[in-house]
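Subject: Structure handover

Hello,

Here is the structure I said I would pass on. Please open it first; my notes follow below.

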Amino acid sequence: MSGTTLYDYFRSSAGYRVRIALNLKGVAYERVEVSLLKGEQRGPEHLARNRQGLVPALDIGGTVLTQSLAILDWLDHAYPDPRLFPADPLARARAMAQALVIVADIHPIDNLRVLQRLEAQFGADAAAKADWYRHWIEAGFDALEAQAPADGFFGGDTPNVVDCCLVPQCYNARRFELDLARWPRLAAVDTRATRLPAIAVAHPDAVAPQP
Ligand SMILES: N[C@@H](CCC(=O)N[C@@H](CS)C(=O)NCC(=O)O)C(=O)O
């Protein structure tokens, strides 16, 4: 599809999920950086795209989609190959439950605006915020490790929606100095996934704005 523009921030893990999905499906897109450091997500231009003041937002020829999981779901319908969501209802429910461990139960409580609120309302310092951040990753990753495959990806031979969410969350975990050795299966899935060219080029370092 022509005229596809992804508004995201290079370190946004929700944006990173969408970059991975777009790349896996071979969808061409332009990327526009919305700097969370500069607060651009709350500026009028971005609020017109997403009233929540969050990235990512995907403009598909004038229609703007928000919420990374909804964008992945739309992409899977618009570009079915390769599949990110299993067709079988039970397998789909399982994959959604695994993805939601990250999307619903880890990521939102570690989000920038939550960390900022912890500081503003409760006086949390950098160490307390990092501890909070790591705590929720540990809780979610402990649960996900028990369900992780010994080989390949959560999607089997090819990555699925869970893998699209896991890779960015592992990136975040490393940024906050968590040792992934505690979750050997998740770490191995992440290693295999990040070796795929489509996923490698979605890495924050690969899309970071040039100084
Ligand atoms: N549930 C949303 C979450 C989006 C989200 O929280 N994005 C973060 C970056 S990963 C953001 O824009 N944070 C800005 C802020 O907290 O002010 C999704 O999956 O798209």
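How do the residues of the shell around the ligand divide into nonpolar, polar and charged? There are six nonpolar, seven polar and three charged residues. Here Ala, Val, Leu, Ile, Met, Phe, Trp, Tyr, Cys and Pro count as nonpolar, Asp, Glu, Lys and Arg as charged, and the others, Gly among them, as polar.

Two notes on the source. This is a predicted model, in which local features need pLDDT of at least 70 and side-chain atom pairs count only at pLDDT 80 or more, while totals for chains, interfaces and linings use all residues. Residues are numbered from 1 along each chain as its sequence is written, and side-chain values use heavy atoms, with hydrogens and water left out.

The ligand

The ligand is surrounded by 16 residues (a residue is near it if one of its heavy atoms lies within 4 Å). The closest are Val55, Gln67, Ser68, Asn111 and Arg113. Helices H1 (13-24) and H5 (112-122) each supply at least two residues of this shell, and H1 gives the most, with three. Helices (H or I, at least four residues) and strands (E, at least two) are DSSP runs, numbered from the N terminus.

Some side chains come within polar contact of the ligand, meaning a pair of N or O atoms within 3.5 Å. An N or O atom in the side chain of Ser68 is 2.6 Å from a ligand oxygen atom. For Arg17, a polar side-chain atom lies 3.3 Å from an oxygen atom of the ligand, and for Arg42 the distance to a ligand oxygen atom is 3.3 Å. Taken alone the ligand exposes 510 Å², and the protein buries 92% of that (Shrake-Rupley method, 1.4 Å probe).

The hairpin

Strands E3 (residues 57-60) and E4 (residues 63-66) pair in the antiparallel sense over four bridges; two strands pair if DSSP finds at least two bridges between them. Leu58 has Leu65 in E4 as its bridge partner. The two strands form a hairpin with two residues between them, and Gly61 in the turn has a positive phi of about 60°.

Backbone details

Val55 and Pro56 are joined by a cis peptide bond, with omega about 10°; Pro56 lies in the loop between helix H2 (44-49) and E3. Another cis peptide bond joins Asp81 and Pro82, with omega about -5°. Gln67, in the loop between E4 and H3, has a positive phi of about 70° although it is not a glycine.

Regards

Conventions: A polar contact is a pair of N or O atoms within 3.5 Å; within protein, one must be able to donate a hydrogen and the other to accept it, and residues adjacent in sequence count only if both atoms are side-chain atoms.
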